[in-house]
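Please open the model in a viewer, switch to a cartoon view and keep the selection tool at hand. The stops below each begin with something to select.

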Amino acid sequence: MRFSAAAAAALLGFAPEYVSANLLSGGSAQQCCAALSSSEVGEKVVYPDDAAYEKSVDSYWAVNVQLRPTCIVQPHSADDVSAVVQTLTSAGGDSPCKFAVRSGGHMTWAGANDIETGVTIDLQMMNSTIYNKEAKVASILPGARWESVYKTLEEYNVVVTGGRTGPVGVGGFLLGGGNSFHAARVGLACDQIVNYEVVLASGRIINANSESNIDLFKALKGGSNNFGIVTKYELKAIDNAHLWGGISIYDNSTTDQQIDALVKFIDNIENDPYASWIGLWQYNSTTDKTLISSPQDYTKPVAYPEAFDDFYKIPNISSTTRFATLYDLTSELQQAAGYRDVFLTSTYLNSAKVLKKTIDILNEKILKAKPQAQGKDWSIMVIIQPWPKIYWQRTQNNGVGNVLGLDRFDENMLQVLYDYSWDNAADDALFQRLCEEAMAELDEYAKSIGKYNEYIYLNYADKSQNPLRGYGDENVEYIKEVAERYDPDGVFQTQVPGGFKITQA
């Protein structure tokens with residue numbers, strides 16, 4: 001039901017006459033929530049101690065990002081989002097309402113997609129996937145998780161280029177570029193989008209595609225949350241939901257063999273673009289061991305493809321490799337929730353020296369953490385992934401292009417993600433510091449041997465990093481111009497403080 005101003009006042013502890021006089025001119029977070037509660041989306045606003053509020057907060061993947069906003073609004077449609085935005089941009093007066101926009105909530109720094117004093121727009125209720133068989137296009141709402149998308153599409157034996165971990169949300173993943181199992185075949189996920197439905201700061205709902213609002217269409221392909229709120233993504237489908245793959249576990253003593261195989265694999269992906277490889281070196285404090293987990297996935301149902309021959313020669317401890325659907329494989333490939341977490345990432349030219357240094361630094365930080373960590377359950381991990389030029393060469397054939405700036409580079413690269421997780425808040429500063437040290441040391445080493453690259457994958461970036469700057473001057477300027485054109489008042493630069501702002505790039 002819709003709350004009146006008086007009812008909203010009662011909920012928030014204000015006198016009705018106070019709200020009546022100040023609802024549209026006041027800018028405090030409480031007043032912004034009161035304005036929402038008295039609007040047409042009033043029944044979709046929840047407050048601390050409401051079950052829906054607590055469920056939303058608890059559903060963020062990393063515990064350290066679980067902020068407690070003044071209120072949360074959970075729209076069910078683009079029209080709802082429009083009403084929310086119009087309310088929040090008009091209710092603040094001299095102190096504009098601050099708000100955050102949340103899709104899956106998988107970023108690992110507090111404030112990226114949430115807010116402490118203000119309103120969080122939680123898009124999780126907008127989570128459906130509809131497939132158009134004639135057009136071979138999937139229409140996906142921003143609050144969906146990739147596992148639900150893949151499950152829906154299985155009925156049609158198709159997939160889309162989405163996340164490789166089932167619980168990851170659709171919205172943030174696609175706005176940051178999107179690396180998928182299919183990247184070597186078709187390019188990054190953002191370049192498979194044929195249309196965005198977007199709610200602008202004015203509340204107007206528009207479509208951006210190759211024929212309408214083309215500048216925004218391009219800018220959204222990597223430009224993150226600088227323009228508006230995307231309320232629907234339409235992606236081209238790929239035939240065949242069936243793959244070959246799984247996770248193989250190796251002893252840490254096989255590291256040198258893994259590195260040699262990976263360098264060769266990266267330089268040969270273009271010869272077999274169906275192959276996808278990830279390597280995870282993870283130390284776990286509860287076992288006091290480091291193991292290597294390696295998802296090796298092939299995007300058509302062919303057993304033991306030659307592309308992985310060098311990895312198959314390395315003895316493993318166990319393997320789940322099998323014929324499976326994309327839904328099955330992405331449900332298997334996920335980290336446990338309920339921990340505190342930090343990500344930092346960088347990109348380098350394909351190099352065995354860089355890879356060896358990556359693991360050396362990992363081992364050094366483990367030794368530093370052991371005597372200092374106060375918690376009993378913590379993990380230090382590095383995730384290494386191929387980043388070959390075929391990913392963006394595929395993109396160049398897709399017409400409009402994107403703003404990632406990868407087309408400046410003509411060499412195969414690799415991506416390193418340091419991922420530290422822990423259970424005790426007392427260790428927050430320790431693991432943040434160690435992770436930042438690890439990334440800085442690896443960057444410095446790579447620069448010293450001429451293997452550093454400035455590109456930073458936004459979806460893995462930490463608040464201490466500046467991924468938009470890594471897109472290059474031309475793309476930074478392009479994103480700024482588009483943001484100013486579609487959001488002339490800078491609502492998504494000032495009232496939405498979370499995420500990576502183009503005005504700060």
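Select strands E8 and E9 with the turn that links them: the two strands form a hairpin, and 5 residues lie between them. Within that turn, Gly 203 has a positive phi of about 95 degrees. The model is a predicted one, so the angles and distances on this tour are computed from predicted coordinates. E8 and E9 run antiparallel and are joined by 5 bridges. To check the register, show Val 198 and look across to E9, where its bridge partner is Ile 206.

**The five-stranded sheet**

Now widen the selection to the sheet that holds this hairpin. It is an open sheet of 5 strands, ordered E5-E6-E10-E8-E9, and its pairing is antiparallel. Which strands are at the edges? They are E5 (129-132) and E9 (205-209), each of which pairs on one side only. From one strand to the next the twist averages 20 degrees.

Go to the E5 end of the sheet. Here E5 pairs with E6 (residues 137-140) in the antiparallel sense, over 4 bridges. Ile 130 is a useful marker, as it stands opposite Ser 139 in E6.

Add the helices next. Helix H6 (residues 146-154) packs on the sheet and touches E5, E6 and E10. The direction of H6 makes about 35 degrees with that of E5. Helix H5 (residues 78-90) lies across E8 (193-199), E9 and E10 (229-236). Relative to E8, H5 runs at about 40 degrees.

**From H5 to a disulfide**

Keep H5 in view and show the cysteine side chains. The structure holds 2 disulfides, and one of them is formed by Cys 32 and Cys 97, with sulfur atoms 2.0 Å apart. What does this pair tie together? Cys 32 lies in helix H3 (residues 29-37) and Cys 97 in the loop between H5 and strand E3 (99-102), so the disulfide links parts that are 65 residues apart in sequence. The torsion about the S-S bond of Cys 32 and Cys 97 is about -95 degrees, which means that this disulfide is left-handed.

**The four-stranded sheet**

Select E3 and the strands that share its sheet. This open sheet has 4 strands in the order E1-E2-E4-E3, and the pairing is mixed. Strand E1 (45-46) and E3 are at the edges with a single partner strand each, so one side of each has no neighbour in the sheet.

For a parallel pair, select E2 (residues 71-73) and E4 (residues 119-122), which are paired over 3 bridges. Ile 72 has Thr 120 in E4 as its bridge partner. Then add helix H4 (residues 51-58), which lies across E1, E2, E3 and E4. H4 runs at about 85 degrees to E2.

**The cavity**

Turn on a display of internal voids. Rolling a probe the size of a water molecule over the atoms shows where empty space is left. How many cavities of 30 Å³ or more does the structure hold? There is 1, and the largest cavity has a volume of about 40 Å³.

To see its lining, select Arg 164, Asn 179, Phe 265, Ile 269, Ala 275, Ser 276, Trp 277, Ile 278, Gln 385, Pro 386 and Tyr 391. Strand E13 (275-277) and strand E19 (378-387) are the elements that give two or more residues to this lining. E13 gives the most, with 3 residues. By class, the lining divides into 7 nonpolar, 3 polar and 1 charged.

**The second largest pocket**

For the last stop, select Lys 218, Asn 402, Gly 405, Asp 407 and Asn 475. Of the 18 residues that line the second largest pocket, these lie nearest its centre. The space in this pocket is about 290 Å³.

Which helices should be coloured here for supplying at least two residues of the lining each? Colour H14 (390-395) and H16 (473-486). H16 gives the most, with 4 residues. The lining of this pocket has 5 nonpolar, 8 polar and 5 charged residues.

Definitions and conventions. Residues numbered from 1 in each chain as written. Predicted model: local features only at pLDDT ≥ 70, side-chain atom pairs only at ≥ 80, totals over all residues. Heavy atoms only, no water. Pairing = 2+ DSSP bridges. Axes fitted to C-alpha atoms, helices over the stretch in contact; angles between N-to-C directions. Contact = heavy atoms within 4.5 Å. 1 Å grid on protein atoms, 1.4 Å probe; cavity = no way out; pocket = protein on both sides within 12 Å on 5 of 7 lines; lining within 4 Å. Points joined across faces, edges and corners; volume = space filled by probe spheres on them. Nonpolar A, V, L, I, M, F, W, Y, C, P; charged D, E, K, R; others polar. Disulfide = S-S within 2.5 Å.
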